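Morning, everyone. I have one structure to go through today, in two parts. Please look at it on the screen while I talk.

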Amino acid sequence: MIESSAEEDSSGSTSPNGKPEIRPSYIRLSASPYSLLSVDQVLRRIMPCQNDDSGDAINDNGNPLIEEIPSSFEVAGHVAHVNLREESLPYKYLIGKAILEKNKPKIRVVVNKIGNIENEFRTFPMEILRAKDWILIYGTEEHGCRFKLDFAKVYWNSRLSGEHEYLVKQIVSSAHEELLVTKERHCIVADVMGGVGPFAVPLTSANASHYHTTPILCHANDLNPISYHYLQANAKLNRCFSDRLVKYNLDGRAFIHKMNEEGVDASHFIMNLPASAPEFLDAFKGWNFESTSSKKIPTIHVHCFGEKARGPEEKSRIHTQVLQRCERALGCPGSLSEPEGRQKTRLK
Ligand SMILES: C[S@@+](CC[C@H](N)C(=O)[O-])C[C@H]1O[C@@H](n2cnc3c(N)ncnc32)[C@H](O)[C@@H]1O
């Protein structure tokens with residue numbers, strides 16, 4: 001809002017002879033223009049950026065001009081996460097300040113990713129550019145559930161929210177069908193790399209609309225002990241009771257073996273570890289169906305990276321590559337190329 005005040009001569013608007021008269025009027029704009037500018041506009045004023053008209057890549061002093069103003073960011077709870085290019089690093093604290101000030105009170109911390117995800121827990125090194133709060137996120141929301149997590153120590157990616165919602169809905173709907181036929185007490189799901197619970201929590205929360213109509217029992221695991229800690233915290237926060245959500249802190253393969261050894265009759269396994277989930281399928285070799293009461297074959301949801309397809313042909317080739325990775329790990333070449341297997345795999 002522009003705060004304005006008009007300073008006018010208050011002696012009246014007519015001349016002594018009674019005729020209307022035009023007089024000068026002064027308006028004072030007291031607000032700082034900073035408050036009116038967007039993050040992008042502020043940064044364009046601070047950073048030496050390339051001008052579309054001139055196309056120059058360096059300024060008069062020979063210094064490089066910024067190609068892309070880093071005004072966009074991802075949000076996880078109250079944390080804004082930027083991925084600054086080398087050329088923007090000299091301005092990083094100003095960028096953090098502008099993003100925080102222009103997005104308060106929602107944003108309370110701005111972090112910059114300073115390296116790639118290289119560790120097994122899928123966390124990335126980051127530096128805090130500006131903070132009014134600690135990086136612990138309390139209550140970021142996804143599909144009606146609240147999540148608590150330490151953004152620096154566990155994996156969390158808000159861009160996966162669509163995938164979380166898709167799979168939760170798909171599993172609930174298939175569980176509904178299954179329970180109508182089997183009349184069992186609940187449908188069982190095993191989440192092998194469960195993180196802080198974005199699949200397990202909405203599947204088992206007593207606040208979920210399917211809680212009474214489609215009961216789901218989820219065994220959720222993660223190797224990262226800090227993820228396990230927050231999985232427990234999120235279970236509490238969202239009323240996931242221990243008869244519906246069982247938590248583990250094991251290596252994924254050990255967890256899969258445990259499920260089989262203990263005769264856990266899971267209808268679904270979720271494996272979201274994009275770099276190597278297909279290779280974890282080797283843990284299903286020798287799966288003992290006799291150990292489960294229904295001898296059912298579980299559906300395994302494997303999330304993995306693949307090349308970006310630029311057309312239907314490429315998509316089909318990449319599709320085949322992914323299936324072959326899965327087949328190699330399972331030790332059954334050619335078996336997933338059956339039409340049914342193809343229909344059941346989904347590439348985005
Ligand atoms: C990409 S994250 C996915 C987490 C969660 N499913 C989600 O969607 O946010 C992969 C998770 O796998 C866990 N992880 C890595 N190696 C693992 C292993 N060998 N066994 C079990 N979990 C593992 C990481 O700690 C991380 O939480």
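Leaving aside its neighbours within four places in sequence, which residues is A220 in contact with? Before I answer, note that this is a predicted model.

First, where A220 sits. Its place is in strand β10, which covers residues 216-221. Beyond those sequence neighbours, A220 is in contact with D191, G194, G197, A200, L231, L245 and K247. A220 counts as buried because 30 other C-beta atoms lie within 10 Å, and the cut-off for buried is 20 or more. One distance to go with that: the C-alpha atoms of A220 and L250 are separated by 9.9 Å, and these two residues are 30 residues apart along the chain.

Now the second part, a set of strands elsewhere in the numbering. Start with strand β3, residues 74-76, and strand β4, residues 79-82: they run antiparallel and are joined by three bridges. Within that pairing, V75 is opposite A80 in β4. Together β3 and β4 form a hairpin, with two residues between the strands. If you check backbone torsions, look at G77 in the turn, where phi is positive, about 60 degrees.

β4 also pairs with strand β5, residues 109-113, in the parallel sense, over four bridges. Here V82 stands opposite N112 in β5.

What lies between those two strands in the β-α-β unit? That is helix α2, residues 92-102, and β4, α2 and β5 make a right-handed unit.

So β4 has an antiparallel pairing with β3 and a parallel one with β5. That is what I had.

Technical notes: Residues are numbered from 1 along each chain as its sequence is written. This is a predicted model: local features need pLDDT of at least 70, side-chain atom pairs count only at pLDDT 80 or more; totals for chains, interfaces and linings use all residues. A residue is buried if 20 or more other C-beta atoms lie within 10 Å of its own, exposed if 12 or fewer, and partly exposed in between; C-beta atoms are placed from the backbone. Two residues are in contact if their C-beta atoms, placed from the backbone, lie within 7 Å. Two strands pair if DSSP finds at least two bridges between them. A crossover is right-handed if, with the strands pointing away from the viewer, the path from the first strand over the helix to the second runs clockwise.
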